[in-house]
Amino acid sequence: MRLPIRSLATLTFIAGLNACVPAPKPTPRPVQRPAPSPVVPLPEPTPLAQDWRDWPYTPGDWVYRQDARGSIALFGVPGAEAQFTIRCDVQANAIYLSRAGSVTAPLAIRTSTLLRTLAVQPTGGTPAYVAAALAPRDGLLEAIGFSRGRFVVQQEGAPTLVIPAWPEIERVTEDCRR
């Protein structure tokens with residue numbers, strides 16, 4: 001079969017037009033994004049028993065040291081700053097109970113025989129501590145040292161400390177009474 005010249009010219013023209021039109025781009029695949037991780041709620045803190053003598057201890061140990069001012073017992077996790085200290089300052093004739101932090105709310109010290117609230121003052125050092133001064137013969141010191149296994153330091157705006165009553169406490173107390 002023979003095509004007329006006009007038809008052949010039309011076909012050539014159409015073929016030429018097709019060559020000028022870019023080939024269609026393939027449709028991009030949707031990006032596969034990982035599914036979002038499910039939100040896992042934090043576990044509720046274990047409620048403390050009603051009796052503070054059943055509360056778990058705050059992690060840490062006591063360390064006793066002597067220095068130019070007198071002696072000090074430091075409680076905390078080894079390798080970190082102390083969370084609580086008892087210092088005998090011989091020149092000031094005072095024993096300071098100090099807690100890490102800058103909260104200036106009163107300290108409540110709870111022992112098996114006594115509950116006492118103490119006003120605190122910032123110590124002005126780095127890291128920040130607040131401290132309460134006691135006379136070396138204050139009965140609170142014996143109550144802390146001889147509390148049945150533990151004593152508690154509470155302060156509004158700061159975590160509660162449940163601290164073991166170890167001999168370092170009485171050692172510092174006795175250093176200040178000489």
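This is a short tour of one sheet in a predicted model, with the residues to select at each stop.

Residues are numbered from 1 along each chain as its sequence is written. Local features need pLDDT of at least 70 and side-chain atom pairs count only at pLDDT 80 or more, while totals for chains, interfaces and linings use all residues; side-chain values use heavy atoms, with hydrogens and water left out.

Start with the whole sheet. Six strands (DSSP E runs of at least two residues, numbered from the N terminus) form an open sheet in the order β1-β2-β3-β4-β8-β7, with antiparallel pairing; strands pair if DSSP finds at least two bridges between them. Select β1 (61-67) and β7 (121-122) for the edges, since each pairs on one side only.

Next, select β4, residues 94-100. Five of its seven residues are buried (under 20% relative accessible area, 1.4 Å probe, protein chains only), so β4 is largely enclosed by the rest of the structure.

On one side of β4, select β3 (residues 84-89), which pairs with β4 in the antiparallel sense over six bridges. C88 has I95 as its bridge partner in β4. The hairpin of these strands has four residues between them, and N93 there takes a positive phi near 50 degrees.

Then select β8 (residues 129-134), joined to β4 by six bridges and running antiparallel to it. Look for A100 with its bridge partner Y129, and for R99 opposite V130.

Finish at F84. Leaving aside neighbours within four places in sequence, its contacts (heavy atoms within 4.5 Å) include W62, L97, F151 and I163.

Key
Buried means under 20% relative accessible area, exposed over 50%, partly exposed in between (1.4 Å probe, protein chains only).
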